[in-house]
Amino acid sequence: MKIVSFTMVNNESEIIESFIRYNYNFVDEMVIVDNGCTDSTIRLVRNLIKEGYKITVFDESLEAYNQFRLDNKYLTKIIGEMSPDIIVPLDADEFLAGDSNPRILMEELDLNKIYYVNWQWYVMSKEDNSKEPFIPSRMKYCLNKPAWNYADKSPVTKAIIPAKYYKEMKLTLSMGHHTVFGNNKAEVINLKSLRLAHYRVISEQQLVYKTSCYTMRDIATMENNFETAQRTNQMAAIERRTNMWETAVEASFGGYDKIIEFRPLDLTYCKKSPLIMRYTNLSGESLAQRVMCTGREMAVRAYNSERIKKEKPFLQPIVLYLDGVRGKECIFPDPSNHLTVLTEMYNVRGLITTVEEIKFLKANYRLIVTPDFVKFLPHKYIVVPNTVDYLKVKAELVDAGVDERQVVSLREYKKYLGVLGNIYCYIFLIPSMIMRVNYYINRNGLVNAIKKIQFRLKK
């Protein structure tokens, strides 16, 4: 039997290693959908891939948070391309648990039914070992009964999906993976022997940084929901400078009755994947680092909204590799004339570099980003100009986490454009260069503009 999990993540570095190392004991493959992580989450995931974990990462960083749409998109993709028997939708704070080994329990399921399981909701307590990086070993107290819906007190459910049956019945997964809908004839079983251990809040720091960063993102979206309201309420408590420990504990309960029991997860089933945490150095970003990176993400999105107004129609945007820097006391971008011409010829959204000192500067009026932020610039390809060693640059970018399928040489890109595409770009080059010269003149005066152009031509 093949069991695949899928998870959409956004800044989960404090829990993602625990999540993968634990749940991998019960699944054959994992799918991770990156919905705009700016912390070390994806770096941690890629480290685990290098260890041998079978994980596929998809990038949806340009998409606004829309769990319903993205979940159903990737559920369909997994069914069509990976041929699983069972799909387990999991949030990054959910850990498979059961009366016995969760893997065996899933293997015993009738694949002609849909299954709902309950949350086993864990909360923060003074008994937690805050220095323990493996979350199920840190937090061992949970609500004394399954989490329930506020409206009718019915238990909250989470879906486990036999893939073939789900497809045959033409079902749709609801927001939050709680239920399926679309066919009243589908047989649904409430499974009591299997549960999802849920760790809503795991530390004071996590509460503060996730609330701070998520509320920034919430401002930029067009929707509100119950979780948005909870985060906004928590932000108000944080801004009032109330006791952060008490605030975190309160948030970990999620409004439920504070009746808890000692019920640590049974870790004896974890034979396949060791629970030794190796990357705690990556999961400890400070609040300042996390907020700064989220602020940069928002700033790049604002840049995109301005840059798109000036782009050429009918061409998908690309990113160019920056082929030069200069300076010792102060490092500065120094693109070649070749790159400048390419920037005016093609639809260039931004530039990429591995030189940290110049990230987020501009060259040729285009934003410069490093590989960790290039996912926030819409682009078809990352094009490497003829002024640098293509194979060396490609290896450098891939090693930094860029998808090698996106990195192409200038020759390959021209081939992709075809005859008509290249003619179109050459036609646009002349008016683009004239506009650039006019900008130089308006900004510097005619004499200084001529000197500037002459200096550039001598390079």
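Helices are DSSP runs of H or I of at least four residues, numbered from the N terminus. Helix H10, residues 287–307, is one such run, and glutamate 297 is found in it. The model is predicted.

The protein chain holds 14 helices and 20 strands. Its C-alpha trace spans about 80 × 50 × 40 Å along the principal axes. Of its 459 residues, 52% count as buried. The chain exposes about 22600 Å². Carbon and sulfur atoms supply 55% of that area. Among contacts with a separation of 6 or more, 77% are between residues 24 or more positions apart.

Glutamate 297 of helix H10 has a relative accessibility of 2%. The cut-off for buried is under 20%, so glutamate 297 counts as buried. Its side chain makes a polar contact of 2.6 Å with the side chain of arginine 217. Not counting residues up to four places away in sequence, glutamate 297 touches Gly36, Thr38, Arg217, Phe373 and Phe376.

Valine 27 sits in a loop, between helix H1 (16–23) and strand E2 (29–34). This loop residue is buried because its relative accessible area is 0%. Beyond its neighbours within four places in sequence, valine 27 is in contact with Ile3, Ser5, Leu96, Arg103 and Lys272. Tyrosine 214 lies 187 residues from valine 27 in sequence. The C-alpha atoms of valine 27 and tyrosine 214 are 30 Å apart.

The largest nonpolar core contains 63 residues. Ile20, Ile55, Val88, Phe95, Met106, Tyr199 and Leu265 touch the most other members. For phenylalanine 95, neighbours within four places in sequence were left aside. Its remaining contacts are Ile15, Ser18, Phe19, Tyr22, Asn23, Pro136, Arg195, Leu196, Ala197, Tyr199 and Leu265. Apart from this core lies another, of 24 residues. Leu75, Ile78, Met169 and Val180 are among its members.

Six strands form an open sheet with mixed pairing. Their order is E17-E18-E16-E13-E19-E20. Strands E17 (362–363) and E20 (407–409) are the edge strands, and each pairs on one side only. Strands of a sheet pair through backbone hydrogen bonds, either parallel or antiparallel. Both senses involve strand E18. E17 and E18 (residues 366–369) pair in the antiparallel sense, over two bridges. E16 and E18 run parallel and are joined by three bridges.

Individual bridge partners show how E18 is placed between E17 and E16 in the sheet order. Lysine 362 has leucine 367 of E18 as its bridge partner. Leucine 367 is also the bridge partner of glycine 350. Alanine 363 stands opposite arginine 366 in E18. E17 and E18 form a hairpin with two residues between them. In the turn, asparagine 364 has a positive phi of about 55°.

Two helices lie across strands of this sheet. Helix H11 (residues 337–345) lies across E13 (318–321), E16 (348–352) and E18. H11 runs at about 175° to E13. Helix H12 (residues 390–399) lies across E13, E16, E19 (382–384) and E20. H12 runs at about 170° to the edge strand E20. Strands E13 and E16 are thus crossed by H11 and also by H12.

Terms used. Residues are numbered from 1 along each chain as its sequence is written. This is a predicted model: local features need pLDDT of at least 70, side-chain atom pairs count only at pLDDT 80 or more; totals for chains, interfaces and linings use all residues. Side-chain values use heavy atoms; hydrogens and water are left out. Two strands pair if DSSP finds at least two bridges between them. Contact means heavy atoms within 4.5 Å. Axes are lines fitted to C-alpha atoms, for helices over the stretch in contact, and angles run from 0 to 180 degrees between N-to-C directions. A nonpolar core is a set of buried Ala, Val, Leu, Ile, Met, Phe, Trp, Tyr and Cys residues joined through side-chain atoms within 4.5 Å. Buried means under 20% relative accessible area, exposed over 50%, partly exposed in between (1.4 Å probe, protein chains only). Accessible areas come from the Shrake-Rupley method with a 1.4 Å probe; for residues, only the protein chains shown count as cover. A polar contact is a pair of N or O atoms within 3.5 Å; within protein, one must be able to donate a hydrogen and the other to accept it, and residues adjacent in sequence count only if both atoms are side-chain atoms.
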